[in-house]
Amino acid sequence: MERTEVVVIGSGIAALKTALEVSKHKHVILITKSKIRHSNSYLAQGGIAAAISEQDEVSYHKKDTLAAGQKYNEVHAVVKLVEEAPLVISELIQSGMQFDRDQDGGLMLGMEGAHSQRRILHSHGDATGKYIMEHLIDGLKKSTIQVLEDTAAVELIIGKDGSCIGVKTLQKEGGFVSYYAEQTVLATGGCGSLYRITSNSQTVSGDGIALAFKAGARVRDMEFIQFHPTLLFINGKAEGLVSEAVRGDGAQLVNEMGKPIMEDVHRMKDLAPRHIVAQTIFSYLQRGEKVFLDISMIKDFKKRFPTVTSLCEKSGIDLKFGKIPVAPGNHFLMGGVEVDQWGQTSVASLYAVGEVACTGVHGANRLASNSLLEGLVFGNTLGHFLAHMPSRTIPLEKEHSKCYTLLSAIPDLATLQEMLMSEAGIVRDEAGLTRLKDYLESFDIEKFLHMDVTALSINEITKINAILVAWLIAESALTRTESRGGHFRSDYPREDDSLWLKNSVILACTDVKNRVKGRRLYEHIEA
């Protein structure tokens, strides 16, 4: 058992930024289930958006973010994001971060989908995430932060007053260790690896969402999942991401005959919002037609996009032909653990930041290159907030009745990944979502809310968390009877502003009993 002032769970940009800010005034333990460099942030090829050019304005960035989010965004969160963007970029540069510059020394600003201005900063072409993370990791090494790698968070600890008082972990070599803290921060990312086709790191499997949900936190907007249009796709398998910046430099999506597929679909053509491009590509694939990214018009492609080049070459794609086979895959979760403007969840002393959190900033569909920005802006706010929070006495731990049911029947992750991709993927309908929900509920998911984790292996815990998060996605997608942004229902193909523009699907563990199929009937019979 160990005690600290603040524990941060995660290793992406939001986790590091929060931890670094908090550590200026308090002792911080940072926990990650893998290595510090294993995160979506580190893999991020796209850049970071900020209205810093003379031709651009914060108001334009706001307008683009709201448009991409289908007007479902929390406006106050969007205003915060775009107004603070120039400042966080300036602070990064002042602290030594190097962004790509032109021959005159000016910052090079790229264009990406759904942006009206060139405002995307990159580092080393398409390796922006890696170099921002290395910059933050360098700061981590110079700080007082205690970093624990290969340490999986398996359960949040709740005090007698209902507040979060820390986290129970499972070490790689075995053995459970509890870390008690005055404040606990989830920065664990989204749930991308729960889908068969994804751009996400395999460590990003929804653990933080499941932990928060089981601890009583409210979860919001889980139906809104962004599918990136262009993953390198070979023999039915995604091999990695092909950055949207490639289309920003002029690349076109074409069919097998070389005909552009976005010409008559949207006024912004290949740079239309991601859900529109992804759905268009998906329609071709469903008909058995392949889709390619034509890069023949981009000069010095290998120099401009070294990460994509390396990915293609490792996968046997000869770039001299100028075409990269692509398909859409799970990329980003707009929903997550519901938080307020400070990152506070509905559980006292439990906070969430980054992709695991739902601030409402992205609405129904995230604008390209706003994700790294979100981690910096909201991580900075939360870190500053916790750094100056008065100390509190950690209450005694609340006693819980635990379930010890055997788990021999739970599915492997590959089966779950396939079902999510087919039934809750790019195109959904009531029949498919109901099949998925019925399948998940066949495992008696209520018992998963109260399992004794100390009786389970890390693989069993991962599967339980995956089933719970998959259920949250299915239930949310089934509930929202419209199409908006990253949520497309073929049986409800249009937006329904009268019913859904101001309404959110919000779930808590106390809702499971009444939402599980047939539960009310069973209770009536038992009565």
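These legends go with several close-up views of a predicted model.

**View 1. Helices α13 and α14 pack against each other.**
Start with helix α13, residues 430-441, and helix α14, residues 458-479. The two pack at an angle of about 150°, and their axes are 9 Å apart. Their crossing is left-handed. On the α13 side, the contact is made by E430, L433, T434, L436, K437, L440 and E441. Helix α14 answers with I467, A470, W471, A474, E475, A477 and L478. Sorted by class, this contact has nine nonpolar residues, one polar residue and four charged ones.

**View 2. An open sheet of five strands has antiparallel pairing.**
Reading across the sheet, the order is β12-β11-β15-β14-β13. Which strands stand at the edges? They are β12 and β13 (252-254), and each has a single partner strand, so one side of each is left without a neighbour in the sheet. Neighbouring strands here are turned by 55° against each other on average, with direction ignored.

**View 3. Strands β11 and β12 form a hairpin.**
Here we look at one end of the order given in View 2, where β12 is followed by β11. Strand β11 covers residues 225-234 and strand β12 covers residues 237-241. They pair in the antiparallel sense over four bridges. If you would like a landmark, find I234, whose bridge partner in β12 is K237. Two residues lie between the strands, and N235 in the turn has a positive phi of about 50°.

**View 4. Strand β13 is joined to strand β14 by three bridges.**
This view takes in the other edge strand, β13, which spans 252-254. Its partner β14 is made up of residues 291-294, and the two run antiparallel. To find your place in the pair, look for V254, which stands opposite F292 in β14.

**View 5. An open sheet of three strands has the order β3-β5-β4.**
The pairing in this sheet is antiparallel. The edge strands are β3 (48-49) and β4 (109-110), and each of them pairs on one side only. Two bridges join β4 to strand β5, residues 120-121. Within that pair, L109 stands opposite L121 in β5.

**View 6. The second largest pocket has a lining of 23 residues.**
This pocket has a volume of about 490 Å³. Which residues lie nearest its centre? They are I158, K214, A215, H400 and K402. Strand β7 (151-158) and helix α6 (207-214) each supply at least two residues of the lining. The largest share, five residues, comes from β7. By class, the lining has eleven nonpolar, five polar and seven charged residues.

**View 7. P395 touches residues far from it in sequence, including S163.**
You will find P395 in the loop between α11 (371-387) and α12 (413-423). What does P395 touch, not counting residues up to four places away in sequence? Its contacts are G159, D161, S163 and I165. Take S163 as an example: P395 and S163 are 232 residues apart in sequence, yet their C-alpha atoms are 8.4 Å apart in space.

Conventions. Residues are numbered from 1 along each chain as its sequence is written. This is a predicted model: local features need pLDDT of at least 70, side-chain atom pairs count only at pLDDT 80 or more; totals for chains, interfaces and linings use all residues. Side-chain values use heavy atoms; hydrogens and water are left out. Axes are lines fitted to C-alpha atoms, for helices over the stretch in contact, and angles run from 0 to 180 degrees between N-to-C directions. A crossing is left-handed if the near helix is turned anticlockwise from the far one by less than a right angle, and right-handed if clockwise. Contact means heavy atoms within 4.5 Å. Ala, Val, Leu, Ile, Met, Phe, Trp, Tyr, Cys and Pro count as nonpolar, Asp, Glu, Lys and Arg as charged, and the others, Gly among them, as polar. Two strands pair if DSSP finds at least two bridges between them. On a 1 Å grid over the protein atoms alone, a cavity is a set of points where a 1.4 Å probe fits but cannot get out, and a pocket is an open set with protein on both sides within 12 Å along at least five of seven lines; lining residues have an atom within 4 Å of a point. Grid points are joined across faces, edges and corners, and a volume is the space filled by probe spheres set on the points.
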